[in-house]
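Visitor: I would like to go through this structure with the reasoning laid open, each label set against its criterion. Could we begin once it is in view?

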Amino acid sequence: MLKPKSFHVPGALLIEQHIVREGPSPYFVAWKPHSSRLFYDRREMMRWIKWPKGTPTREAIDAFLDACQNQADGLPLEQAREGTA
């Protein structure tokens, strides 16, 4: 198991991406106050988080998840942004 990548908004949100050798991978663990859940699907996780679109924090969350996806696909972040892959 690799070290989890994480995104943290102090006191409000924590998202960790875990990559494992065996079993479904990657998966996400998301925490908000008084609750945490395991997700295999980014869309379901974003629905549960309920962070409004158009805010700087939501843009940072989306950037973090895009970077995780690009690394999982084996693409450098610059190539994925340019669409040259």
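Guide: A salt bridge here is a side-chain nitrogen of Lys or Arg within 4 Å of a carboxyl oxygen of Asp or Glu. Please keep in mind that this is a predicted model.

Visitor: What makes Glu-44 and Arg-47 a salt bridge?

Guide: The closest N and O atoms of Glu-44 and Arg-47 are 3.0 Å apart, and the cut-off is 4 Å, so the pair qualifies as a salt bridge.

Visitor: How are Glu-44 and Arg-47 placed in helix 1?

Guide: They are 3 residues apart in helix 1, which means that about one helical turn separates them.

Visitor: Why is Glu-44 called partly exposed, and not buried or exposed?

Guide: Buried requires a relative accessible area under 20% and exposed one over 50%, so Glu-44, at 37%, falls in between and counts as partly exposed. Arg-47 has 47% relative accessibility and is therefore partly exposed by the same cut-offs.

Visitor: How do you know that Arg-42 and Asp-62 form a salt bridge?

Guide: Their side chains meet with an N to O distance of 3.7 Å, and because the limit is 4 Å, the pair is counted as a salt bridge. This pair links distant parts of the chain, with Arg-42 in helix 1 (residues 42–49) and Asp-62 in helix 2 (residues 56–73), 20 residues apart.

Visitor: What makes Arg-42 and Asp-62 partly exposed?

Guide: Arg-42 has a relative accessible area of 28% and Asp-62 one of 23%; partly exposed lies between the 20% and 50% cut-offs, so the term applies to both residues.

Visitor: Which other salt bridge does Asp-62 form, and why does it qualify?

Guide: The side chain of Asp-62 also meets that of Arg-58, at 3.4 Å from N to O, and the pair therefore satisfies the 4 Å criterion. Arg-58 and Asp-62 both lie in helix 2, 4 residues apart, about one turn of the helix.

Visitor: Why is Arg-58 called buried?

Guide: The relative accessible area of Arg-58 is 11%, and buried means under 20%, so the label follows.

Visitor: Which residues are linked with Asp-62 in a network of salt bridges?

Guide: The network links Asp-62 with Arg-42, Arg-58 and Asp-66. A search of the whole structure finds 4 salt bridges.

Visitor: What makes Gln-17 buried, and where is this residue placed?

Guide: Gln-17 is in strand 2 (residues 13–18), and because its relative accessible area is 2%, under the 20% cut-off, Gln-17 is classed as buried. Leaving aside residues up to four places away in sequence, Gln-17 touches several others, including Pro-4, Tyr-27 and Cys-68.

Definitions and conventions:
Residues are numbered from 1 along each chain as its sequence is written. This is a predicted model: local features need pLDDT of at least 70, side-chain atom pairs count only at pLDDT 80 or more; totals for chains, interfaces and linings use all residues. Side-chain values use heavy atoms; hydrogens and water are left out. Helices (H or I, at least four residues) and strands (E, at least two) are DSSP runs, numbered from the N terminus. Buried means under 20% relative accessible area, exposed over 50%, partly exposed in between (1.4 Å probe, protein chains only). Contact means heavy atoms within 4.5 Å.
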